[in-house]
Amino acid sequence: MAKSIAIFNQKGGVGKTTTNINLCTYLATWGKKVLTIDIDPQGNTTSGIGMDKKNINLSVYDVIIGGVSPDEAILHTPIKNLDIIPSTVQLAGAEIELTEVNQREVKLKEAIKSLDDRYDFIFIDCPPSLGLLTINALAAVDSVIIPIQCEFYALEGVGQLIRTIQLVKKGLNPALEIEGVILCMYDGRTNLSTAVVDEVKNFFKGKVYTTMIPRNIKLAESPSFGQPIMIYDPKCRGAEAYEDLAKEFIKNHMKNRKEVI
Ligand code: ADP
Ligand code: MG
């Protein structure tokens, strides 16, 4: 049985895609069979992981809207053990097209059911919105990882994020859990970052990962080369942090924590 996780925060630019790419890469490199599904029309996971968008025939759009089997849309990435259902800009229309569709919230869930025994982990990179694509992701997964940017307005929007999770739990996916909260773009030199860390830990209690992701220029550069940080600069601080995070994720997974939100 695959464990499925959505990387979720309706704010843009908080580190969702960076976390998704690099968490997937480390887990795959350690021999786990990993699938990532890019449901952001911007397709940053798709390009950041090294896929050439010119060579994509079928995407997650065709799976969600077109009824295409996920098998047909799955591609191997340049990283061993890591597959992707890519996104293309076509997905931008999906939010509107979905409103016309029956069972529109569970299209992704239905589509990926058949993949359960093929992967250890399925990670879904969400778009920066609370629209139907995000709801499809939340309905389809076992848990969510929430990246939070260490900035002044860090907790702004978190109330709405929690309400969305609760709404999905009530109706579409009662078993949905918060897997963990990741503090991203941390700058230990500023009092602000330290204050944000305290605030977030206080809010999410035991859910915050011990590993924090520092602000690191190499992490910002690597997507333009289509390379996960492990390939772009495996020794930099950003790489070390994501490697530590992946270890912490696995450790928690093994413990199989069953905490309610
Ligand atoms: P999201 O998917 O939530 O929109 P991204 O992961 O794309 O966020 O990150 C937003 C921007 O910040 C990107 O340009 C990314 O390369 C950069 N970035 C992400 N994490 C870090 C980090 N720890 N240090 C420096 N830059 C980062
Ligand atoms: Mg993103």
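Colleague: Which residues does the "domain: AAA" annotation cover, and how is that annotation to be read?

Modeller: The unreviewed UniProt entry assigns it to residues 3–178; UniProt positions follow the numbering used here, with feature names shortened, and such annotations may be inferred rather than shown by experiment. Over residues 3–178 the chain is 35% helix and 17% strand, with its end C-alpha atoms 13 Å apart. The same entry places a "coiled-coil region" at residues 91–118, a span that is 39% helix and 0% strand and whose end C-alpha atoms lie 25 Å apart.

Colleague: What kind of model is this, and how are its parts numbered and filtered?

Modeller: This is a predicted model, in which local features need pLDDT of at least 70 and side-chain atom pairs count only at pLDDT 80 or more, while totals for chains, interfaces and linings use all residues. Residues are numbered from 1 along each chain as its sequence is written, and chains are lettered from A and ligands numbered from 1 in the order in which they are written.

Colleague: How do you know whether the overall dimensions agree with those of a compact globule?

Modeller: The radius of gyration is taken over C-alpha atoms, and the globule rule is 2.2 Å times the number of residues to the power 0.38. For 261 residues the rule gives a value near 18 Å, and because the protein chain has 17 Å, the two agree. Along the principal axes, the C-alpha atoms fill a box of roughly 50 × 40 × 35 Å.

Colleague: How many helices and strands does the protein chain have, and what makes a run count as one?

Modeller: There are twelve helices and seven strands, where helices (H or I, at least four residues) and strands (E, at least two) are DSSP runs numbered from the N terminus. An open sheet of seven strands runs in the order β3-β4-β2-β5-β1-β6-β7, with mixed pairing. At its edges stand β3 (75–76) and β7 (177–184), each with a single partner strand, so one side of each has no neighbour in the sheet.

Colleague: What makes β1 and β5 a pair, and in which sense do they run?

Modeller: Two strands pair if DSSP finds at least two bridges between them; β1 and β5 have five, in the parallel sense, and one of the bridges joins serine 4 to isoleucine 122 of β5. Strand β2 (residues 34–38) also pairs with β5 (residues 121–125) in the parallel sense, over five bridges, and there isoleucine 122 is the bridge partner of leucine 35. Strand β6 (residues 143–149) is joined to β1 by three bridges, again parallel.

Colleague: Why is methionine 185 classed as buried or exposed, and how does lysine 205 come out?

Modeller: A residue is buried if 20 or more other C-beta atoms, placed from the backbone, lie within 10 Å of its own, exposed if 12 or fewer do, and partly exposed in between. Methionine 185 has 22 such neighbours and therefore counts as buried, whereas lysine 205, with 9, is exposed. Methionine 185 is in the loop between β7 and α9 (191–204), and lysine 205 in the loop between α9 and α10. Most residues other than glycine have a negative phi; methionine 185, however, has a positive value near 55°, and lysine 205 one of about 45°.

Colleague: What makes α7 mostly covered?

Modeller: Nine of the nine residues of α7 (residues 132–140) are buried, among them Leu132, Asn136 and Ala140. In strand β1 (residues 3–7), four of the five residues are buried, and 43% of the 261 residues of the protein chain count as buried.

Colleague: Which residues is asparagine 216 in contact with, leaving aside its neighbours within four places in sequence?

Modeller: Two residues are in contact if their C-beta atoms, placed from the backbone, lie within 7 Å, and by that rule asparagine 216 touches Cys236, Arg237 and Gly238. Asparagine 216 lies in the loop between α9 and α10 and, with 22 C-beta neighbours inside 10 Å, counts as buried.

Colleague: What makes a residue part of the shell around ligand 1, and how many are there?

Modeller: A residue is near a molecule if its C-beta atom, placed from the backbone, lies within 6 Å of it; 18 residues surround ligand 1, the closest being Lys16, Thr17, Thr18, Leu219 and Ala220. Helices α1 (16–29) and α10 (217–221) each supply at least two residues of the shell, and α1 gives the most, with three.
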